[in-house]
Protein chains: 2
Amino acid sequence: MQSALTSLCAALVFTAAAAQAEDPLPSWNEGAAKKSIVDFVERVYEVGSPDFVPPAERIAVFDNDGTLWAEQPLYFQFLFAIDRIKALAPEHPEWKDKEPFAALLRGDHAAALAGGEQALVEIMMASHAGMTTDEFQAIVDGWLATAVHPKTGRPYTEMVYQPMLELLDYLRANGFKTFIVSGGGIEFMRAFAEQVYGIPPEQVIGSSGKQTFEIRDGRPVLVKLPEVSFVDDKTGKPIAIQAHIGRRPIAAFGNSDGDLQMLQWTAAGAGPRFCLYVHHTDAEREWAYDRASSIGRLDQGLDEAVAKGWTVVSVKDDWKRVFPFDR
Amino acid sequence: MQSALTSLCAALVFTAAAAQAEDPLPSWNEGAAKKSIVDFVERVYEVGSPDFVPPAERIAVFDNDGTLWAEQPLYFQFLFAIDRIKALAPEHPEWKDKEPFAALLRGDHAAALAGGEQALVEIMMASHAGMTTDEFQAIVDGWLATAVHPKTGRPYTEMVYQPMLELLDYLRANGFKTFIVSGGGIEFMRAFAEQVYGIPPEQVIGSSGKQTFEIRDGRPVLVKLPEVSFVDDKTGKPIAIQAHIGRRPIAAFGNSDGDLQMLQWTAAGAGPRFCLYVHHTDAEREWAYDRASSIGRLDQGLDEAVAKGWTVVSVKDDWKRVFPFDR
């Protein structure tokens, strides 16, 4: 009985979706990019289509920084780390004379990052480790509720791309399961991904630190250790997709060279495939950057996208609206 | 339109489930164990119940070996590894004089395992690494289609517990998302979990080896390296749950001390919680083992289950039928 009803309902919902007249992507200008998305979704969704893909295999993966939310002037998680270092500074008087902390506390981000990857790891570990997972979640929640973006004065959770929110909804309405696969911290992103993107924690994949299980006062806790466990960037992305999803996506969305291997891995499967790059071309409504940027560099990926016929979205030309607060 | 229909359908399915008259757990004898399961599910499912849990939080985690399928006389994945070593032996003449391979090839499993964890890792790495993920999947598929259990002569995918299959279905019919969290190899289990348990690959968590991303003949591949990445056992289980799911389960099912930390982690959350141990007490229809067994030892966990009032299922007393092929 229940299973028959479920099937009937699935059929009803299917019919409703097919008949849906309103535009599911109202913040996208009409053009080749929007058309390529809709064409792909209709091809894999329609029962009887030669390119039909069963719902269980409709896996779509999204980078986060620069793809779902902005990443300028610095990765937002790095801005969180700086605020966290400042908050912790009174407990660490030694940071006044120790790089990269001294530079950060002076507000000189460039000097703090002059130490390269080692400096970055030290900043991330000092700000992201040494507490339980529950404590970290509360710290991120508190920051997201109060911190604002230095240019727009908006909460970071509003610095998300309206066209991409619509795309996530559109894919899910057509039976896709949407995942984040990002270089960002997995627990940092999980603090807002469900509320902001409709993506539950088990579908958020990111970089991570090691953790240890302890019993404290008779209660089990997971403690975040100051040691990198996995970097979910470049070749790490297909490896993380295999580890967490175990099935090759049929659609992948990114904005930088760090996403290239994820798009290659997605494109190389059999059957219909869709790869898309967001190209940041709008200095007025957002930022314009690509081949020369230290954040979100898109160079090799742009060449490969053109060579392989992947969809390249120009923010300036293809997006009617960038942020939800734009009018 | 579509969203209204989806809501209506959800309501219809809800009503159907609530009104469902037939027993969803026919292979369970009436008794305290079965009653504890049904009581818990009804408490968290019923809208308006003080213990109602929103569907997104209805996460249930299951061990695999000894919980969903049998694990005697040896873990099935180890039997796969032995068959694989035999198949590869002609390419490795040096194994004739090298332990633990020489003992395995003589059929002396005890001697092969005398080398302890180091020997086990060598066997697993030699049999599970050195190929692409696609090649490994094909090898496991082929083995599962042809190999049979040494005692029953049945394919391993039939050595699953019928009452637990019913439990998985029952939980999912009541809005739970079911995950495997097992010491078994993540890619080994994914080869059959969807077909046998209805659990898709992205909800299978297990032990894993390292992988590397390569471009071979212009196509990206993931190559399995002979190096352990993660052991999903004991304290590894809550750590893996945090890494893959990022949300604490409300129900956990295991059968050995290796599952204890997973049950502790589940039990320690706020709100309604359910923890269950399968206790192997039936030497006739299956196997009887617990505190002294080298495979699936249940000792400290049994004491803690009794002390904390967790459900302990006696295979002999609580299960009307053990395997699907039992009549």
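The following paragraphs describe the fold of chain A, the paired strands and one helix of chain B, and selected residues of both chains in a predicted model.

Because the model is predicted, local features were considered at pLDDT of at least 70 and side-chain atom pairs at pLDDT 80 or more, whereas totals for chains, interfaces and linings use all residues, and side-chain values use heavy atoms, with hydrogens and water left out. Residues are numbered from 1 along each chain as its sequence is written, with chains lettered from A and ligands numbered from 1 in the order in which they are written.

The secondary structure of chain A comprises 13 helices and seven strands, where helices (H or I, at least four residues) and strands (E, at least two) are DSSP runs numbered from the N terminus. The C-alpha trace of this chain spans about 65 × 50 × 35 Å along its principal axes. The radius of gyration of chain A, taken over C-alpha atoms, is 21 Å, which agrees with the value near 20 Å for a compact globule of 327 residues, the globule rule being 2.2 Å times the number of residues to the power 0.38. Of the 327 residues in chain A, 55% are buried; buried denotes under 20% relative accessible area, exposed over 50%, and partly exposed in between (1.4 Å probe, protein chains only). Chain A exposes about 13,700 Å², of which carbon and sulfur atoms supply 54%, as computed by the Shrake-Rupley method with a 1.4 Å probe, and for residues only the protein chains shown count as cover. Among contacts (heavy atoms within 4.5 Å) in chain A between residues at least 6 apart in sequence, 65% join residues at least 24 apart.

Two buried helical residues of chain A illustrate such surroundings in detail. A:Val44, in helix 2 (residues 32-45) of chain A, is buried with a relative accessible area of 0%. When residues up to four places away in sequence are not counted, A:Val44 touches A:Asp51, A:Phe52, A:Val53, A:Arg58, A:Phe176, A:Ile250 and A:Pro272; the C-alpha atoms of A:Val44 and A:Arg58, which are 14 residues apart along the chain, are separated by 8.3 Å. A:Thr133 belongs to helix 7 (residues 133-146) of chain A and is likewise buried, at 5% relative accessibility. Beyond its neighbours within four places in sequence, A:Thr133 is in contact with A:Glu187, A:Gln211, A:Leu222 and A:Lys224, and also with B:Gln242 and B:Trp265 of chain B.

In chain B, helix 7 (residues 133-146) has 14 residues and reaches 20 Å from its first C-alpha to its last, close to the expected 20 Å, a span defined as 1.5 Å times one less than the number of residues. Its buried residues include B:Thr133, B:Phe136, B:Val140, B:Trp143 and B:Leu144. These residues lie on the same side of helix 7 of chain B because they cover an arc of only 95 degrees around the axis, the arc being that of the directions from the helix axis to the C-beta atoms. The face turned away from this buried side carries the exposed residues B:Ala145 and B:Thr146.

Strand pairing in chain B, assigned if DSSP finds at least two bridges between two strands, links strands 1 to 4 in succession. Strand 1 (residues 59-62) of chain B runs parallel to strand 2 of chain B and is joined to it by four bridges, one of which pairs B:Ala60 with B:Thr178. Seven of the nine residues of strand 2 (residues 177-185) of chain B are buried, so this strand is largely enclosed by the rest of the structure. Strand 2 also pairs in the parallel sense with strand 3 (residues 204-216) of chain B over three bridges, with B:Ser207 as the bridge partner of B:Gly185. By contrast, strand 3 and strand 4 (residues 219-230) of chain B run antiparallel and are joined by eight bridges, including that between B:Ile215 and B:Pro220. Strands 3 and 4 of chain B form a hairpin with two residues between them, and B:Asp217 in the turn has a positive phi of about 50 degrees.

Most residues other than glycine have a negative phi, and most peptide bonds are trans. A positive phi near 55 degrees occurs at A:Lys234, in the loop between strand 4 (219-230) and helix 10 (236-244) of chain A, where the residue is partly exposed at 43% relative accessibility. B:Lys234 also has a phi near 55 degrees and is partly exposed, with a relative accessible area of 44%. A cis peptide bond, with omega of about 5 degrees, joins A:Glu99 and A:Pro100, and A:Pro100 lies in the loop between helix 3 (76-88) and helix 4 (101-106) of chain A. In chain B, the peptide bond from B:Gln72 to B:Pro73 is cis, with omega near 0 degrees, and B:Pro73 is found in the loop between strand 1 and helix 3 (76-88) of that chain.
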